[in-house]
Amino acid sequence: MARLEPRAGDLRVGFARLFDGAPILPKQMALLRATLPTSPVTLLATLGAWRSGKTSAEILGSLSSIVQNPWTRDYGANRPCTLMITETTTVLRDSLYDALINVWPEGLIAHEVRSPSWDILVPNGHVVALRTAAGSLEGKTVCTTIIDEVHKLRSKRNYINYRARASDGRAAKNLTICAGLPIDNGWLKQEFDRVDDPKRLTLYMPTHENVYLPPGYVDDLRSSCSAKEAKTLLSAEWQTYEGAIYDDLDSSKHYVPDLTGNAVIHIGLDAGHQGAIVVAKEKMRGSGSSALMGLHVVDEILPDSSTVERAMEMFFARGWRLTPGRSYVCVDPRIDDDQIASIRRVAREHGIRDVAIVQWSRGEPGESVKYGIRCVQRALKTGDGRLLLTFDSSLGDKDRGLRRALPAYRWNPRTREPVKDDVIDHVLDALRYVVVQIMPLSGSDIVVSPGFF
């Protein structure tokens, strides 16, 4: 691109049309004030919940950088630049750029190129460089760095490298703006949850503060996540990987008598030494309704050592039955084809010829341990307080049983992964398989007006 002379017009013309003339949210306005040269803030974070307006806030930050830093003759053949970084090309295209188009005033893009690098030139000679976390940034000097989805950065080293790019000595102000969820990735909370530094400002943006969301939208989101997730994804409170994983389990509420009658049964099966089978019945909304109200775990089979075939025989020996065409046998992803055939053979011997076996493949959501944990957390207690997963009060206090395993399951604070001990893991895995299949996480289908993300 040839050097572009600055245009005489004021880029602020037309800003009143932002968001169709609706007022900017208070936290978004606070961000804009912090970007001004008169503010001491040089590190700014918007850590927001779902649909809180944090993405629009960082796009407003880019506008501020553009307005304050037009091309001047001091730049010569170079240009003032705002760098916007996000995780992947897909997120860059479908989220960040889409938000940029919705928020920026009409006509702000003078020229755009996407190869070899994605750059947008605006009429005052400023360039906005869109890059992924894997892109080459070495040697790049900018006025402002904007880091999207900062909680997903692979390391603090990358974060420091991105911050270092904001060092243009001709800029009105050098600034780093970070946006994301308040999920501690090992260093994020320590970096941003501070109030003792006037050069840092962290804005926490709960979903309910976005007054432009449709009526009932927040309630819909709350019902689709766990009580633990709601604190982070709706209330913008820090999520840390420490302590008990299933800390919403309440033995006085989750262990109840079986009132499901002859409901459809599903099972989760974890194979290997000291494997486990978890037996769960569907909880329905009334006798004549097909609305699923959750699962009630009625049995656990914990053989010390047995084959998959033997474990299935133990299931049928206890008097449990599968409903052809409706029951699921949710199995360990590691089970091979011969073991799958053994399950079908035992089922046929007990008169079940149409058994649905669910086995998640690598890369699918159900195969992810953390996704499965989130499903179980939500089932234990949704954001709106419902208990979708209950356990029969007759379950005994076995060494490897659910009564002991559920409260003992914990995060490793160093790795932020669940602690595996090859003792309680098996019954928890079996539970996870069946919950993922019957009660997967669901998102909201309510549409939000463009511009408020």
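**Exercise 1. The main core**

Which five residues touch the most other members of the largest nonpolar core, out of its 43 residues?

*Solution.* Start with the ranking: in this predicted model, the residues with the most fellow members in contact are Leu389, Phe391, Leu402, Leu431 and Val435. Next, see where the core gets its residues. At least two come from each of β11, β12, α11, β15 (389-392), α12 (402-408) and α13. The biggest giver is α13, with nine residues. Now zoom in on Leu402. Leaving out residues up to four places away in sequence, Leu402 touches Tyr255, Val278, Val297, Glu300, Phe391, Leu395, Pro407, Val427, Leu428 and Leu431. Finally, don't miss the other core lying apart from this one: it has 28 residues, including Val41, Tyr97, Leu100 and Leu203.

**Exercise 2. Two helices crossing**

Work out whether α11 is roughly parallel or roughly perpendicular to α13.

*Solution.* First, grab the geometry: the axes of α11 (residues 369-380) and α13 (residues 425-438) come within 9 Å and cross at roughly 75°. Then apply the cut-off: angles from 65 to 115 degrees count as roughly perpendicular. So α11 is roughly perpendicular to α13. Who makes the contact? On the α11 side, Val369, Tyr371, Gly372, Ile373, Cys375, Val376 and Ala379 take part, and they meet Leu431, Arg432, Val435 and Val436 of α13. Sorted by class, that contact has nine nonpolar residues, one polar and one charged.

**Exercise 3. Reading the sheet**

Find the order of the strands in the open sheet of seven, and say which strands sit at its edges.

*Solution.* Read across the sheet: β9-β15-β12-β11-β10-β13-β14, with mixed pairing. The edges are β9 (255-256) and β14 (356-358), each of which pairs on one side only. Now pick out one pair. β11 (residues 276-284) and β12 (residues 292-301) run antiparallel and share eight bridges. For a single bridge, take Glu282, whose partner in β12 is Leu295. Last, add the helix: α9 (residues 308-317) packs on the sheet and touches β10 (265-270), β11 and β12. The direction of α9 makes about 150° with that of β10.

**Exercise 4. One glutamate**

Is Glu229 buried or exposed?

*Solution.* Locate the residue first: Glu229 belongs to helix α7 (residues 227-233). Its relative accessible area is 6%, and the cut-off for buried is under 20%. Glu229 is therefore buried. To finish, list the neighbours: setting aside residues up to four places away in sequence, Glu229 touches Leu234 and Arg374.

Conventions: Residues are numbered from 1 along each chain as its sequence is written. This is a predicted model: local features need pLDDT of at least 70, side-chain atom pairs count only at pLDDT 80 or more; totals for chains, interfaces and linings use all residues. Side-chain values use heavy atoms; hydrogens and water are left out. Helices (H or I, at least four residues) and strands (E, at least two) are DSSP runs, numbered from the N terminus. Buried means under 20% relative accessible area, exposed over 50%, partly exposed in between (1.4 Å probe, protein chains only). Contact means heavy atoms within 4.5 Å. Axes are lines fitted to C-alpha atoms, for helices over the stretch in contact, and angles run from 0 to 180 degrees between N-to-C directions. Angles under 35 degrees count as roughly parallel, over 145 as roughly antiparallel, 65 to 115 as roughly perpendicular and the rest as oblique. Ala, Val, Leu, Ile, Met, Phe, Trp, Tyr, Cys and Pro count as nonpolar, Asp, Glu, Lys and Arg as charged, and the others, Gly among them, as polar. Two strands pair if DSSP finds at least two bridges between them. A nonpolar core is a set of buried Ala, Val, Leu, Ile, Met, Phe, Trp, Tyr and Cys residues joined through side-chain atoms within 4.5 Å.
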